[in-house]
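Here are some short exercises to try with the structure open beside you. Work each one out for yourself before you read its solution.

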Amino acid sequence: MSAATTRSRTPDRLCAEAVDLARAAAEEAAAPGVVGEHVALVSEGDRVVTHFFECVELGYRGWRWAVTVARASRAKAVTVDETVLLPGPDALLAPEWVPWSERLRPGDLGPGDLLPTQADDLRLEPGYTGEDEPPPNSAVAPSHDLEERVEEEDAELTGRAPAQSDTGDDGRGAISAVAEELGMRRARVLSRYGLHIAADRWDESYGAKTPMAQAAPAQCVTCGFLVPIAGSLRQAFGVCANEFSPADGRVVSLAYGCGGHSEAAVMPKPPVPPPPVHDTMATDEFPLRPAPDSGSVTAEADTASEDLGHS
């Protein structure tokens, strides 16, 4: 270990004794009454010492005022280098900053809020914008004959003359016009990845593995309250239209189910006893005297009375 290293770890005596100078610098930088007791000092190098004072300001529990003082070589005057508020080992710190796109959760979007979608969002892919329309001289390009035929058919149905355009080309019969009419002319559409994560999310909330579906008497695919949806997901999902179901108005899996199934409310009928049967063809015998052996005491001969000669 070199002598320079030994000197750097040993606090300079004059810098270590400059506690009042360091406190005055901390009180000048901080608000009045927020600088507490002197808690520690650390040697930063040759003739460089940092003094730590407790911060008693509300909301800064565990923070410390750090004042670094130094002394020039062969000089006796100690000067202040810097004053800063630093967190201590047990300081109350704010959580790590997270971008808004990662903090956002379902249900956070309220009325008037705008949620910008990133340009490279994996859930979306470019839709039909007309940029990939074939050139006019292409074999699949729309011809003027098709446009004229569309105008003639419209004229026959509406009883008016075909509209005349100055340019002779009003876009009728073009691929872009058909896409616009079908509602397909969107800048971006849902990608396959977006479909997959949406299906996983819906199946996790209202799928076959939920406790409600496990206890259901039947699945939604046989329920009369299921409203089919269009698109590629119609083979696996639908919309529940039962107001008494926990999934009312939600996209549910066809394998989901609940107690509100349309065919689950078939109540069993109460048992009806059969009508009584009367036998009117046979006669009932009613004896005039009871049988000798029908009583609870066995009939025996009175031998004692016979010996005495009683009549």
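**Exercise 1.** Find which residue of β3 stands opposite Thr 50, and then work out how β3 is paired on each side.

*Solution.* This is a predicted model, so we are reading the predictor's coordinates.
- Step 1: Start at Thr 50 and look across to β3, where you meet Thr 68.
- Step 2: Widen the view to the strands themselves. Strand β2 (residues 48-55) and β3 run antiparallel, joined by 7 bridges.
- Step 3: Now turn to strand β4 (residues 78-87), which also runs antiparallel to β3, with 9 bridges between them. One example is Val 67, whose bridge partner in β4 is Thr 83.
- Step 4: Follow the chain from β3 to β4. The two make a hairpin with 6 residues between them, and in that turn Arg 74 has a positive phi of about 65°.

**Exercise 2.** Decide whether strand β3 (residues 63-71) is mostly covered or mostly open.

*Solution.* A residue counts as buried when its relative accessible area is under 20%. By that test, 8 of the 9 residues in β3 are buried, and the strand is mostly covered. For the protein as a whole, buried residues make up 22% of its 311 residues.

**Exercise 3.** Check the length of helix α7 (residues 192-205), then find out how its buried residues are arranged.

*Solution.*
- Step 1: With 1.5 Å a residue, the 14 residues of α7 should span 20 Å. The C-alpha atoms at its ends are 20 Å apart, so expectation and model agree.
- Step 2: Pick out the buried residues of α7: Gly 194, Ala 198 and Ala 199.
- Step 3: Look down the helix axis. The buried residues of α7 fall within an arc of 130°, so they line one face of the helix.
- Step 4: Ask what that face meets. The buried residues of α7 pack against β6 (188-190) and β8 (237-240).
- Step 5: Go round to the other side of α7, where Arg 192, Asp 200 and Glu 204 are exposed.

**Exercise 4.** Which element has the lowest mean pLDDT, and which the highest?

*Solution.*
- Step 1: Begin with the whole protein: its mean pLDDT is 79, and 72% of its residues reach 70 or more.
- Step 2: Compare the elements. Helix α1 (residues 3-9) has the lowest mean, 49, while β8 has the highest, 96.
- Step 3: Look at residues 1-7, where the pLDDT is below 50. Beyond near neighbours in sequence, this stretch has 4 contacts in the model.
- Step 4: Draw the lesson: where pLDDT is low, predicted coordinates should not be read in detail.

Technical notes. Residues are numbered from 1 along each chain as its sequence is written. This is a predicted model: local features need pLDDT of at least 70, side-chain atom pairs count only at pLDDT 80 or more; totals for chains, interfaces and linings use all residues. Side-chain values use heavy atoms; hydrogens and water are left out. Buried means under 20% relative accessible area, exposed over 50%, partly exposed in between (1.4 Å probe, protein chains only). Helices (H or I, at least four residues) and strands (E, at least two) are DSSP runs, numbered from the N terminus. Two strands pair if DSSP finds at least two bridges between them. The expected span of a helix is 1.5 Å times one less than its number of residues. The arc is that of the directions from the helix axis to the C-beta atoms. Contact means heavy atoms within 4.5 Å. pLDDT is the predictor's confidence in each residue, from 0 to 100.
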